[in-house]
Amino acid sequence: MAPSTLPPKLIGWPLLPLPDANGELHYPSLEASVRQMIQVILRTRPGEQLMRRDFGAGLENFLHQPNDLATRTRIAEVITQSLNRWESRILVDRVEVREVPDAPAQLRIEIAYRLRRTGLLQQMGLTMELEA
């Protein structure tokens, strides 16, 4: 039996696949695949995917909310719950949502997680715009 050339099942097809200089498409690394999936989870509103109606964090639902402690706390809870539910390849260590100095309409989200397979600590952050 010939060895399989398929990637391990834990790697998904790239979010936005682009060919390399030779015109070939490649699977992303585990770290890149997880990072892309986290972005998909955060950007997807529940109800947006027909076959998985509950999928996504729905961060867009907070766009017109005030930038106060209650909103930031709810955003951190939603992110933590969504990542724990939809990305089984990671362990969420920390989600911090805080104000951005001198930008009352923005908040900064920092997510720290570990890859279950390797235990490698990863971190990603994003800035989100809210109603001031």
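A salt bridge is a side-chain nitrogen of Lys or Arg within 4 Å of a carboxyl oxygen of Asp or Glu. The structure is a predicted model, in which local features need pLDDT of at least 70, side-chain atom pairs count only at pLDDT 80 or more, and totals for chains, interfaces and linings use all residues. Residues are numbered from 1 along each chain as its sequence is written, and side-chain values use heavy atoms, with hydrogens and water left out.

**Exercise 1. Salt bridges**

Task: Find which residue glutamate 87 forms a salt bridge with, and state whether glutamate 87 is buried or exposed.

Solution:
- Step 1. The partner of glutamate 87 is arginine 89, and the closest N and O atoms are 2.9 Å apart.
- Step 2. Apply the classes: buried means under 20% relative accessible area, exposed means over 50%, and partly exposed lies in between (1.4 Å probe, protein chains only).
- Step 3. Glutamate 87 has a relative accessible area of 4%, so glutamate 87 is buried.
- Step 4. Arginine 89 is also buried, because its relative accessible area is 13%.

**Exercise 2. A link between strands**

Task: State where in the chain arginine 114 and aspartate 93 lie.

Solution:
- Step 1. The side chains of these two residues, arginine 114 and aspartate 93, meet in a salt bridge with an N to O distance of 2.9 Å.
- Step 2. Arginine 114 belongs to strand 2 and aspartate 93 to strand 1; the pair is 21 residues apart and links distant parts of the chain. Helices (H or I, at least four residues) and strands (E, at least two) are DSSP runs, numbered from the N terminus.
- Step 3. Arginine 114 is partly exposed because its relative accessible area is 33%. Aspartate 93, at 37%, is partly exposed.

**Exercise 3. A network and a count**

Task: Name the residues that shared salt-bridge partners join into one network, and give the count of salt bridges.

Solution:
- Step 1. Arg45, Glu48 and Glu60 are joined into one network by salt bridges that share partners.
- Step 2. One of the bridges is between arginine 45 and glutamate 48, at 3.4 Å from N to O.
- Step 3. Arginine 45 has a relative accessible area of 38%, so arginine 45 is partly exposed. Glutamate 48 is partly exposed because its value is 44%.
- Step 4. The count comes to eight salt bridges.

**Exercise 4. Elements and core**

Task: Give the order of the elements along the chain, then state which elements each supply at least two residues of the largest nonpolar core.

Solution:
- Step 1. The chain has two helices and three strands. From the N terminus on, they run α-α-β-β-β.
- Step 2. A nonpolar core is a set of buried Ala, Val, Leu, Ile, Met, Phe, Trp, Tyr and Cys residues joined through side-chain atoms within 4.5 Å.
- Step 3. The largest nonpolar core has 27 residues, and Leu59, Ile75, Ile79, Ile109 and Ile111 have the most contacts inside it.
- Step 4. At least two residues of this core come from each of helix 1, helix 2 (69-86), strand 1, strand 2 and strand 3 (121-129).
- Step 5. Take isoleucine 79, leaving aside its neighbours within four places in sequence: isoleucine 79 is in contact (heavy atoms within 4.5 Å) with Leu42, Leu59, Val95, Ile109 and Ile111.
- Step 6. As a general point, nonpolar side chains tend to be buried together in soluble globular proteins.

**Exercise 5. Aspartate 102**

Task: State where aspartate 102 lies and what is notable about its phi.

Solution:
- Step 1. Aspartate 102 sits in the loop between strand 1 (90-100) and strand 2 (103-115).
- Step 2. Its phi is near 65°, a positive value in a residue other than glycine.
- Step 3. For comparison, most residues other than glycine have a negative phi.
- Step 4. Aspartate 102 is exposed, because its relative accessible area is 83%.

**Exercise 6. Glutamine 122**

Task: Decide whether glutamine 122 is buried or exposed, and list its contacts.

Solution:
- Step 1. Glutamine 122 is found in strand 3.
- Step 2. Its relative accessible area is 15%, so glutamine 122 is buried.
- Step 3. Leaving aside neighbours within four places in sequence, glutamine 122 is in contact with Glu31, Arg35, Ile111, Ala112, Tyr113 and Leu115.
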